[in-house]
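Visitor: I should like to take a close look at a single part of this predicted model. Please guide me through that part step by step, and then show me what lies beside it.

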Amino acid sequence: MSELPLTRNVRADRSPTDLAAYEANGGYGGLRRAMAGLAPGDCLDIVKDSGLRGRGGAGFPTGMKWSFVPMENVSPGHKYLICNADEMEPGTFKDRLLLECDPHQLIEGMILAAYTIGADVAYIFIRAEYLKAAQLLREAIAEAKAKNYLGRDILGSGYHLEMHVHASAGRYICGEETALISSLEGKRANPRAKPPFPQVSGLWGRPTIVNNVETLCNIPHIIERGPEWFQGLGLGGDAGTKLYGVSGRVKNPGCWELPIGTPVREILEDRAGGMEDGYQLRGFLPGGGSTDFLVDEHLDLAMDYETIGKAGSRMGTGTMIILDDRTCPVGFVKNLIEFFAQESCGFCTPCRDGLPWNAQVLDDIEQGRGQLEDMDTLEQHVSYIGAIGNTHCALAPGAMEPLQSALKYFRDDFLRHIEERTCPYREVH
Amino acid sequence: MSEQLHSLPAETLTLSDAELAEIDAEIAHAPYRAAVAIDALKIVQAHRRWVSDDCLEALAAYLEMPPAELEGIATFYNLIFRQPVGEKVILVCNSVSCWIKGCEGIRAAVTEHLGIEPGQTTSDGRFTLLPITCLGACDRAPVMMVGDNKFEDVTVERIPAILEQDEGATPG
Amino acid sequence: MPVIRVDGQDYEVEAGGNLLETCLELGMDLPYFCWHPAMGSIGACRQCAVVQYQNEEDTRGRIVMACMTPVTEGAIIDLTGDRAAAFRRTVVESLMVDHPHDCPVCAEGGECHLQDMTVMTGHRDRHYRGTKKTYRNQYLGPLIHHEMNRCITCYRCTRFYRDYAGGTDLAALAAHDHVYFGRHREGTLESPFAGDLVEVCPTGVFTDKSLVHDYTRKWDLQSAPSVCTGCGVGCNTLPGERYGRLKRIHNRYNDEVNGYFLCDRGRFGGNHVNDAPRIDYPARREADGRFRALDQAACQAQLADCIAGKRLAGIGSPRAGLEANLLLQRLVGAERFNSGMDDGEHKLLQRSLSHLVNSAARNPSHRDIESADAVLVLGEDLTQVAARTALALRQSVRNEAYRLAAELKLAPWQDAAIRNLAQDRRSPLHIVSAGSTDLDDVAAGHYRLVADDQARLAAQIAAAIDGEPSGDAAVLRIRDDLLAAQRPLVISGASAGSAALLDGAAAIANALARAGREAMLSFTTPECNSLGQALLCRDSHASFESLEASGAEVLIILENDLLRRLSPERVEALRERIPIWIGIDSLETGTLAYCDLVLPAAAFTETEASFVSQEGRAQRAFPVHPPAEARRPGWQWLLALARAAGNTALVALEHFDDIVPTLAGEDPVLQGVMRAAPDHQFRSRGLKIPRQPHRYSGRTAMAADVSVHEPRLSEDRDSALAYSMEGSAAADRPAALLSYVWSPGWNSNQSLHKFQADIGGALRGDSGGARLLDELTMPAVAEAPRPEAFRRRDGQWLLQGRHHLFGSDELSRLSAGPAERAGRAHLYLHPNDAQSLGLAEGDGVTLEGCALELRIDASQVPGSAGYAVGYPETLALRSGQWVPLSVASDWQRPPQVIGSDREAAS
């Protein structure tokens, strides 16, 4: 089995790795290497060459994102690095593992990222309910500071960085990077229009990079071991490893680091142990609550950005949610739409007023009050709300993904609800 | 009809030294005082369980920001409570993975055990029941939190022991 | 200029704009909500969607928001196609999911942008079957009514109230489809621009309470172009009337003056024409002191009786039009004509005028003011004295943000992006004043000094700009900021009562001009025609003292309450020297009680008049409706008096338009007033211009309770406007005659863009008044002596007036809502001074025979005492006076009358 750098310090009991243990296992080696002789531009080249893509869901090449940060002729002031630890996507539980089990890995990755873009202040924006993780991070930052991995003149390099933990007050939209910035400024977490991109005008109007936890955790290893090593970890076109997870009616739900591009079937059957007894697979969301359903025919696809994209969905966060044959697909989608409607920031019309309307239609159908023309309304909503650009940010288009694919794969279930004027899964469930 | 009112001197609420010290620590690394609004709301809430109108006004004054703006922030976020809550807030995850695994039954069991619907507080002031979005432990669904503790693989049968004895708690 | 293709047709368009404003400028109907021409784009409502194609080969295209999409060369968009239209229709359907069907009882109905856009998008059939959510409304004070159920969450209200106007007590609360726009607690909206929410809100969430309670639909309102009489700024207004009552005042767009916004004094301060005691008939005072009404013949006889062959004197009025004042001046002779101001005020205005004329700095319009990149305010709390100017300054401090945005190639209309980028980085604004001001929140520096010290500081700044060394940090900081700017602006005015301060302001502006900057210099003026009076009396002005000694037998007082300017004793003294007084006024003022003959004047909504604003801009107000009963415009009474006096030069005058050309023949500057608006012979397409929209209803039935015969239309012989719905309402009619804005499909005030050549630019039929001062020459004034530095005195306090938007002027407190906002006058002391007197907040303080409630205010200069200017209880007080203060014995805090319409909410 190939190397699994991200979880090498994760123990079976999920107990946290302290600084001594982290260092003992080679931790802060990447930082030492960079501080001893790599210029920010060198680090940027390494990350660019590694082919690392953002692990938060969108899969944007990390090095390219960083390269948009202006390094010369910047008006005086701070630059910021922000770690997006606001893990709130339904069905997603991967970052929690990294935060709770190996906080120093993240901190080292953040220091390297901040160094690369020239940031002097870094924040970890962590969701409100991750109490233990937030506490561990605060302790780890203090430990790192004591060892001069953080603070003034890090390891004698002349580079300064301060790091803070900000615990959210709870809103899914804070996971959207510009909304996260609004929230970190102490404001309502309304997303911002792009351009300007945060790389040039982000936190407090200054150049800012926002990266996901898992993305940043890869950085120390890439800096230490080099881009070729990292590329060698992946199975297909993508580089590195990926945290994959499975939840739903499977025998062994969980989260595992695997080479990126591992086939869905391998994750589902070898890792998650296949379906629970008495349950059949009907479909799955490959990467969290805002990705399109895939079905049986997709089980042998590689879980990487391109392959899943071609199949009509997105790899997203890489944490799959399984729809079984005894769970109502209409109820499943309704649950998600209600979540997204509730978590809309209320800024733009299709999301704020369209999603609750959509949820009301789904509720009618699920409760047996649906009418045939409701199917047209749902289709209409998919085109109205579902395209990027129709709305102010990606929340509502994401919300439409499970619905649009459910209408494709489980259309008969919707029609049965309408015809039978009840939920056919009710007795079974 | 005109109404004559003698305006009453407002009773001003003062924030405690402990609260102010924690807020000051946040302000120390913020570009301006109002930037710590969310942290400050959370600090005050940690001390008082909820943020009253008077408290909101006192905090706005301390952060040198308009109370209306602070109210806009406080009411935006799910976990800032602008109404009194019980000693422990019960958060039952209702997102999709937990829904598949029967979170509705868990919620109903809590309601049955405590006699409160979501949004309500027990008459003895011990518990408030709230729905919560995905808690990020979907492999151990259904999941809930009681106070600062997290409970995984929850079953209807476990509810009394969870609520009364924190049985099976792990840190949140 | 880029060429874009819209629906297959190529258009050459302005570069730099967004697709929405570009399409609107091209005359296309593209619906929108959140975009506002003065506030730019944020992309919230998603209503202005169009389909944009990458190139000619692109057949799919993608939906973009026109307001967020820059115009680019070769852009190809589809506006009317099915896909864009369907999207826009669904947006409206989403907005209507919760919108109540209460249009029939909504004060916005008939001029609702949401109604217009709903019809425009073609949304008709409702698919949503759920229930509508409802909200609790808030009590927002006496001026604004709140109805949250109607909200479509476009965020315009908070963007205007907070972002544009600096208000702090209205915010977006809650999230998702529960977003609520309100205060954190019920209570009066504090912003002086809260009333603009009525026009900014695209539907009926914020409505005008006086209109709600005395309701008429827009299409039933008769309206005419008018000018606000609330202060010297000269905002253009559109009062609406029905049944002889003023129903509301709306903003009338003028790109150089008020743009899209009015202050609340202007919007709500006009109801005195309905509410305050008015005089309906001429009356003569009998021996018993009571007045007896006169019929027309008796009145004529009385006039002749009073003045034929007599030596006349006159007191004009800065709240009356220039024409009436000019008539009075010519009737009584310039040497016996007082402008209506006391000598001190007159001299300050002459000094301001001379500085404006002789300075190399530009006397700016508001548009110019908004372009200033550094501002120094000397001695004025602008929000209280010239609120609209303060609003312009709030925009000028954003020039630093626009500069930063330009570095990132962000267009100025990218509102949210620019605010996020700039955060609190602003162009410098320095405020030198006697106490805190409403602009302090955006000021780079404020300096609390009494008037004399303000003048000393100003002189030092001027010297420092000229290169004189200074060790004063404030002087250096202000100097550096002004010199670092391209377009620095200095604003001062007469409020501080200091001639040396005016000199200092002019000296700074002149020094900046000498240093090669495009400097600007502006002075506030207290009343709507103060500057007109200053122009009229620049060669000759009879002081009140000289009137006493003039030997006049008859004093004619035009629309002036002398008791606001003189003590009762001095009015008595004047009364004793001049045996016959004739008072002309629309309001029942205290001064009329001294008069022998009282003539009922038309109010500002009932007469034509020209006012000269602080910018020196002459602007014409037209009557909205004919005056009722025996009320007549002041100028007509003066013509009647001229006939009675046998004044041959004046009796030939027939029309309003004859006054200025005939009487100001030798004065080219006053002649300029004629350029303010077309004369009565003007016709559009050969027709007069109607005051009533073409849907005006019930004309034949309105008076049916009196007579079933259709009343004859009133004739307007003096203007090109008609009291009628017939005539030409062409979009290119002159701006000065724009009696209402309406365009097919655009019933709301958003139709304005149909009358503009460029969005946010001048109106098509231009002429937004006439700037007079550019042609004026005047001798320079001798510099006032530099005052001594302020030193506090034992047992005495230096009074420093504080102005209040509501309450300090004569008129606004005569309307119920503004009167409630005005409250009672206060005295302000520094905390240490209050302590030394043993006084606490809310205690009573006696000074000069009046008792005022104390406010403790750390911004008050120690040793000085602030007082609310212009309140009935403070009329005897003067800024600069030294007074002893004592604790008022038996002081009881006066009750505050509030919530005059609380019962409506309960």
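Visitor: Of the 172 residues of chain B, what percentage count as buried?

Guide: In this predicted model, 47% of the 172 residues of chain B count as buried. To see where some of them lie, it is useful to begin with the outline of the chain. The C-alpha trace of chain B spans about 55 × 50 × 25 Å along its principal axes. Within that outline there are seven helices and six strands. Their order along the sequence is β-α-α-α-α-β-α-α-β-β-β-α-β, so please follow this pattern in the structure as you read, starting from the first symbol. The chain also brings distant parts of its sequence together: among the contacts between residues at least 6 apart in sequence, 54% join residues at least 24 apart.

Let us now turn to one helix. Helix H1 of chain B covers residues 17-27, and its buried residues are Glu19(B), Glu22(B), Ile23(B) and Glu26(B). Viewed down the axis of H1(B), these buried residues fall within an arc of 95°, and therefore they line one face of the helix. A general rule helps in reading such a picture. An α-helix has 3.6 residues a turn, so residues three or four places apart point the same way. The face of H1(B) that is turned away from the buried side carries Asp17(B), Ala21(B) and Ala25(B), which are exposed. What, then, do the buried residues of H1(B) pack against? Their partners are helix H2 (37-48) and helix H3 (53-62) of chain B.

H3(B) leads us onward, to helix H4 of chain B, residues 67-74. Two packed helices are described by the angle between their axes and the distance between the axes. The axes of H3(B) and H4(B) come within 9 Å and cross at roughly 115°, and the crossing is right-handed. From H3(B), the residues Leu56(B), Glu57(B), Leu59(B) and Ala60(B) take part in the contact; from H4(B), they are met by Pro67(B), Leu70(B), Glu71(B) and Ala74(B). By character, the residues of this contact divide into six nonpolar, no polar and two charged.

We may now look outward, to the neighbouring chain. The contact between chains A and B takes 42 residues from chain A and 34 residues from chain B. On the side of chain A, the elements that give two or more residues are helix H7 (131-146), strand E3 (162-167), strand E5 (241-247), strand E6 (254-259) and helix H13 (329-343). H13(A) supplies the largest share of that side, five residues. The residues of chain A that touch chain B divide into 16 nonpolar, 14 polar and 12 charged.

One of these elements, E3(A), takes us from the contact into a sheet of chain A. This open sheet has four strands in the order E3-E2-E1-E4, with parallel pairing. E3(A) and strand E4 (208-212) of chain A stand at the edges with a single partner strand each, so one side of each has no neighbour in the sheet. From one strand to the next, the twist averages 20°. Strand E1 of chain A, residues 80-85, runs parallel to E4(A) and is joined to that strand by five bridges. As an example of the pairing, Asn84(A) has Asn212(A) as its bridge partner in E4(A). Helix H6 of chain A packs on the sheet, where it touches E1, E2, E3 and E4, and its direction makes about 145° with that of E1(A). Helix H8 of chain A, residues 177-184, lies across the four strands E1, E2, E3 and E4 and runs at about 110° to E1(A).

Finally, let us consider a single residue beside this sheet. Ala119(A) belongs to the loop between helix H6 (103-117) and strand E2 (121-126) of chain A. Is Ala119(A) buried or exposed? Ala119(A) is buried, because 26 other C-beta atoms lie within 10 Å, and 20 or more are required for a residue to count as buried. Leaving aside residues up to four places away in sequence, Ala119(A) touches Lys79(A), Tyr80(A), Leu81(A) and Ala114(A). Sequence separation and spatial distance can also be set side by side here: Ala119(A) and Glu129(A) are 10 residues apart in sequence, and their C-alpha atoms are 28 Å apart in space.

Methods:
Residues numbered from 1 in each chain as written. Chains lettered and ligands numbered in written order. Predicted model: local features only at pLDDT ≥ 70, side-chain atom pairs only at ≥ 80, totals over all residues. Buried ≥ 20, exposed ≤ 12 C-beta atoms within 10 Å, placed from the backbone. Arc of directions from axis to C-beta. Contact = placed C-beta atoms within 7 Å. Nonpolar A, V, L, I, M, F, W, Y, C, P; charged D, E, K, R; others polar. Axes fitted to C-alpha atoms, helices over the stretch in contact; angles between N-to-C directions. Left-handed = near helix turned anticlockwise from the far one by under 90°. Pairing = 2+ DSSP bridges.
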